[in-house]
Amino acid sequence: MQDGSIGSALVTGNSSGLGLGMTRVLLERGARVYGLSRRGCPEAGVSGDEPVDLGDFTATGNAMDRMLQGVDSLDLVVLNAGLLGHMQRMQDAPMDELRRLMDVNTFANKVILDALLQNRIRVGQIIAISSGASVSGHAGWSGYSLSKAALNMMMQLYAHEFPADTAINAFAPGLVDTAMQDYLCDEADRESFPVLQRLKAARGTQDMPGPEAAARAILATLPRLHQTPRGSFVDIRQL
Ligand SMILES: NC(=O)c1ccc[n+]([C@@H]2O[C@H](COP(=O)([O-])OP(=O)(O)OC[C@H]3O[C@@H](n4cnc5c(N)ncnc54)[C@H](OP(=O)(O)O)[C@@H]3O)[C@@H](O)[C@H]2O)c1
């Protein structure tokens, strides 16, 4: 897999956006692709697809066990599923929303990684899709930033628990033109949160590729991640 060939992969959040783009590109390259999301993957050729709300940890663990029965190795695991929540000041963020963001963006990935360890599935490479917002601390990102910062640390901690030949990183994919950007560019409050003006300006340019182009760019960087410290946060824009 360090040669860049991927025979099998698990991609969470495979129903839309980057996860669907990643699934399509991997299928096109002949990989066996498994996935999880609430709506399910619209692609017919996937090897396993479990509709599940990742905020339901019991259902997620069961879905993993069911889907990966008979699977003994995966070349790639992409922990991609994620929720944005609202752009808002911390003092305005409802506790319920913060908890939901932590559950889906952070803790669900513990359930998934634990299922891989418990089922003794050998994994070549793990990337947890994080964000520049996990480290930038700009106003407004609220629970999203918190959940992605915690995700970064979770990858550092799991790096001690997966075998040393499993590459593992938190990975910021750069801007990708998906449903998440519909909210950020069109609905969120650009006056209160000026960082959104940069996103609006990038939309429709090469600075915000579509999901499949972004997936190809990410897949091209994967071999280089083997040279980064295990567990580290990597931003595609700095590679
Ligand atoms: N777009 C960007 O510019 C950008 C930049 C940096 C990082 N990211 C990250 O990239 C990842 C993909 O986001 P995207 O931009 O492709 O957004 P998206 O189109 O909204 O996709 C999000 C995916 O996550 C799944 N998901 C969300 N909540 C879930 C839940 N409770 N249970 C199961 N699946 C759930 C969704 O599936 P269902 O709705 O079917 O459940 C969907 O497949 C996210 O982690 C995001 O934080 C995106």
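**View 1. L54 meets the ligand through its backbone.** In this predicted model, a nitrogen atom of the ligand has a backbone N or O atom of L54 at 2.9 Å. As for how well covered the ligand is, it would expose 870 Å² if taken alone, and the protein buries 94% of that.

**View 2. Two ligand oxygen contacts, at S16 and G82.** With S16, the partner comes from the side chain: one of its polar atoms sits 3.0 Å from an oxygen atom of the ligand. With G82, the partner is a polar backbone atom, and the distance to an oxygen atom of the ligand is 3.3 Å.

**View 3. The shell around the ligand.** Zoom out a little and you'll count 30 residues surrounding the ligand. S15, R38, N80, Y144 and T178 are the closest of them. Sorted by class, this shell holds 13 nonpolar residues, 12 polar ones and 5 charged ones. If you're after pockets, the ligand takes up the space of the largest one.

**View 4. Helices that line up around the ligand.** Which helices each supply at least two residues of the shell? They are helix 1 (17–28), helix 3 (95–118), helix 5 (142–159) and helix 6 (179–187). Helix 6 gives the most, putting 3 residues into the shell around the ligand.

**View 5. Y183 in helix 6.** Staying with helix 6, have a look at Y183, which is part of this helix. Y183 has a relative accessible area of 18%, so it counts as buried; the cut-off for that label is under 20%. For a sense of scale, Y183 and V195 lie 12 residues apart in sequence, and their C-alpha atoms are 14 Å apart in space.

**View 6. R120, a positive phi in a loop.** As background for this view and the next one, most residues other than glycine have a negative phi. R120 isn't a glycine, yet its phi is positive, near 50 degrees. You'll find R120 in the loop between helix 3 and strand 5 (122–129). Is R120 buried or exposed? Its relative accessibility is 71%, so R120 counts as exposed, the threshold being over 50%.

**View 7. S142, a positive phi in a helix.** Here's another non-glycine residue with a positive phi: S142, at about 50 degrees. S142 belongs to helix 5, one of the helices that each supply at least two residues to the ligand shell. S142 counts as buried because its relative accessibility is 9%, and buried means under 20%.

Conventions: Residues are numbered from 1 along each chain as its sequence is written. This is a predicted model: local features need pLDDT of at least 70, side-chain atom pairs count only at pLDDT 80 or more; totals for chains, interfaces and linings use all residues. Side-chain values use heavy atoms; hydrogens and water are left out. A residue is near a molecule or strand if one of its heavy atoms lies within 4 Å of it. A polar contact is a pair of N or O atoms within 3.5 Å; within protein, one must be able to donate a hydrogen and the other to accept it, and residues adjacent in sequence count only if both atoms are side-chain atoms. Accessible areas come from the Shrake-Rupley method with a 1.4 Å probe; for residues, only the protein chains shown count as cover. On a 1 Å grid over the protein atoms alone, a cavity is a set of points where a 1.4 Å probe fits but cannot get out, and a pocket is an open set with protein on both sides within 12 Å along at least five of seven lines; lining residues have an atom within 4 Å of a point. A molecule sits in a cavity or pocket if more than half of its atoms lie within 2 Å of its grid points. Helices (H or I, at least four residues) and strands (E, at least two) are DSSP runs, numbered from the N terminus. Ala, Val, Leu, Ile, Met, Phe, Trp, Tyr, Cys and Pro count as nonpolar, Asp, Glu, Lys and Arg as charged, and the others, Gly among them, as polar. Buried means under 20% relative accessible area, exposed over 50%, partly exposed in between (1.4 Å probe, protein chains only).
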